Amino acid sequence: MTELSSLSLPPDGDWDAYFAQNPQLTPDFSQEIPLSVAERRRIFPSLRAFAQGECSDGAHLLAAASSYAARSGDSPYLPALTRFIAEENAHSAYLRAFLTFHGALPRGQSPGSPTEFPRPSRLDKCFRRLRRLGSLKCELTVLITAEIIALSYYDALSACTSSPALKTICAKMLQDEPPHILFGSQTLAKLTPRPWDTLLRRILLEGTLLAVWLPLGRVFSAGGFPFSRLRRESLGYLSQSIALGKAAKTRE
């Protein structure tokens, strides 16, 4: 498990500059190897699901963030969030490039089509509906939940694939996701706290773990993450997220 408190904070909290200088990956398939039928069946469904989840125009999130920035005077937040969304879309592009190379894009999708998949999965639909239920706080709570589970997913995926290209993509994801959680946690702490926020975050995480495990559990299991480990690590990241948010609030 990554210790989120060990991450280097952007100087003066300048997340816009952090995301601007964070280099993107150019997936290299020159050393790629054919995948077995068993591996393709194991990893492709989850890759499609996560490629969907990583891509978004962020319209609702940006609208909520604009309202927050106007109320709070936190003008640097909006450009930082815009770059964050661009980085998430880059993550989707990495996964789509891998699926394209192996001829595994969803039916009806061409390699040059937009980042949105033609038919969102049920899991992706559920996440997007939850995010749009309310305010910026709701959006960020759901986003951080997804990022927490993604950390264990990419760890497991790297361990259960023979693909050099996919291992490199996973390494990039595992580098980018912890700062994403930190960025979201710090913002969440600035919003009006409620006594039941922590409980709601725990309930959302527990429910999401089950929703992810049912269709995608074979990747976690093959990568050394039985449900007990996935749950333990995810709850550990949630605790870190809450603690980091409180620490950031205290420093203000």
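Helices (H or I, at least four residues) and strands (E, at least two) are DSSP runs, numbered from the N terminus. The views below show a predicted model, in which local features need pLDDT of at least 70 and side-chain atom pairs count only at pLDDT 80 or more, whereas totals for chains, interfaces and linings use all residues. Residues are numbered from 1 along each chain as its sequence is written, and side-chain values use heavy atoms, with hydrogens and water left out.

**View 1. The whole chain, with nine helices and zero strands.** Read along the sequence, the pattern is α-α-α-α-α-α-α-α-α. Of the 252 residues in the chain, 51% are buried, a class that means under 20% relative accessible area, with exposed meaning over 50% and partly exposed lying in between (1.4 Å probe, protein chains only). Among the contacts (heavy atoms within 4.5 Å) that have a separation of 6 or more, 80% are made by residues 24 or more positions apart. The accessible surface, computed by the Shrake-Rupley method with a 1.4 Å probe and, for residues, with only the protein chains shown counting as cover, comes to about 12,000 Å², and carbon and sulfur atoms hold 58% of that area.

**View 2. Helix α2 (residues 37–54) and its kink at I43.** The expected span of a helix is 1.5 Å times one less than its number of residues; for the 18 residues of α2 this gives 26 Å, in agreement with end C-alpha atoms that are 26 Å apart. A kink of about 30 degrees lies at I43, shortly before the proline P45, the bend at a residue being the angle between axes fitted to the seven residues ending there and the seven starting there. The buried residues of α2 include I43, F44, L47 and F50, and also E39, R42 and E54.

**View 3. Two serines, S92 in helix α4 (residues 77–101) and S158 in helix α6 (residues 136–160).** S92 counts as buried because its relative accessibility is 0%, and, with neighbours within four places in sequence left aside, S92 is in contact with A51, E54 and C55. The C-alpha atoms of S92 and G53 are separated by 7.8 Å, although these residues are 39 residues apart along the chain. S158 is likewise buried, since its relative accessible area is 18%, and, under the same exclusion of neighbours within four places, S158 is in contact with K167 and C170.

**View 4. Salt bridges that involve helix α8 (residues 197–222).** A search of the whole structure finds eight salt bridges, each a side-chain nitrogen of Lys or Arg within 4 Å of a carboxyl oxygen of Asp or Glu. The side chains of K137 and D197 meet in one of them (3.0 Å, N to O), a pair that links distant parts of the chain, with K137 in helix α6 and D197 in helix α8, 60 residues apart. R194 also bridges to D197, with the closest N and O atoms 2.9 Å apart; R194 is partly exposed because its relative accessibility is 37%, whereas D197 is buried at 16%. R231 pairs with E206, the closest N and O atoms being 2.9 Å apart, and this pair joins helix α9 (residues 227–251) to helix α8 across 25 residues of sequence. Shared partners connect K137, R194 and D197 into one network of salt bridges.
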